[in-house]
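Reader: Hi! I have a model open and I'm new to this. Can you walk me through a few things in it?

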Amino acid sequence: MAKERVTVCVPPCDPGDVVQSITVAMAPYDYNRDSGVGGPDVETWWDYWQIGGRGCEFLVVPGREDDPRLIRGAKTLSGEPRNVPPELCDGGPRALLDLETPRARAAAEARRAFEAWQEFASAHPPGRAFGAFRARHFADPENYAQAQAVEDYRTQPVIAAFRDDPELREIVGGDPIARLSGDLDGLVRDAMDSALPSNGLLTLDGRWLDIANADRRRYFNDYLDALPADAYAVRVLYHG
């Protein structure tokens, strides 16, 4: 049982009716529902939920921070008051959500990491990603222990030097050979696709999709981009 977030999309409505619209959209996935004969067969379920995008709020289109159609959850799960900055919201009509800035930031960070790693790695002999050592361990665990695989990976000159450079590690992140030695355009696209998705997406037609891979992350972005301007997208925290 875990607390996760689903982005719930509901048709255009009065702001005062958004919670009821979300309630209707979430109902088929209620763990305690009485599905009855012919009821929907679903794999995802929840036993309680509330509006809340803490940590994954949407950015508001600049200049629209006070629009009354924006949705901001008032309390945390523990009942404490929530103070959401004006530039953020838990949801609102798609036209009021700034979907491009998070993508642009993610793209810039990916390019910066790629370029920093390429420049750094060029001064050292080529290294191999940890996956190569791990595969060797799995192929012959008795003669090539996991600890040895880790040691062999870490003692490669380029990785040893990388581990001694905390500033570069902050920019680049983990396992740089695996992540940053390929196609820059693909890396940037993946970063952009990962900037907005929550754990799940509940579509206007009632489909709950787990956002668990690159294809689903891309679909999430495409779906929000195509959402009618006055339809709502709202971050919902649920326990399931």
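Author: Happy to! One idea to start with: an axis here is a line fitted to C-alpha atoms, for helices over the stretch in contact, and angles run from 0 to 180 degrees between N-to-C directions. Keep in mind that this is a predicted model.

Reader: Okay, so how do the axes of helix H2 and helix H8 cross?

Author: The axes of H2 (residues 100-121) and H8 (residues 184-193) cross at roughly 145° and come within 8 Å. The crossing of H2 past H8 is right-handed.

Reader: Which residues make the contact?

Author: From H2 you have Arg103, Ala106, Ala107, Ala110, Arg111 and Phe114, and H8 brings Leu184, Leu187, Val188, Ala191 and Met192. Sorted by class, the H2 and H8 contact has 9 nonpolar residues, 2 charged ones and no polar ones.

Reader: New topic! How many disulfides does the structure hold?

Author: The count is 0. Take Cys13: the nearest cysteine sulfur belongs to Cys9 and is 12 Å away. For Cys56, the nearest is that of Cys89, 11 Å away. A disulfide needs the sulfur atoms within 2.5 Å, so neither Cys13 nor Cys56 is in one.

Reader: Is Cys13 buried, partly exposed or exposed?

Author: Cys13 counts as partly exposed because its relative accessibility is 23%, and buried would mean under 20%.

Reader: And where does Ala226 lie?

Author: Ala226 lies in helix H9, which covers residues 214-226. With a relative accessible area of 63%, Ala226 is exposed. Try finding Arg94 too: 132 residues separate Arg94 and Ala226 along the chain, while their C-alpha atoms are 9.3 Å apart.

Conventions: Residues numbered from 1 in each chain as written. Predicted model: local features only at pLDDT ≥ 70, side-chain atom pairs only at ≥ 80, totals over all residues. Heavy atoms only, no water. Buried < 20%, exposed > 50% of the residue type's maximum accessible area, 1.4 Å probe, protein only. Helix = DSSP H or I, 4+ residues; strand = E, 2+ residues; numbered from the N terminus. Left-handed = near helix turned anticlockwise from the far one by under 90°. Contact = heavy atoms within 4.5 Å. Nonpolar A, V, L, I, M, F, W, Y, C, P; charged D, E, K, R; others polar.
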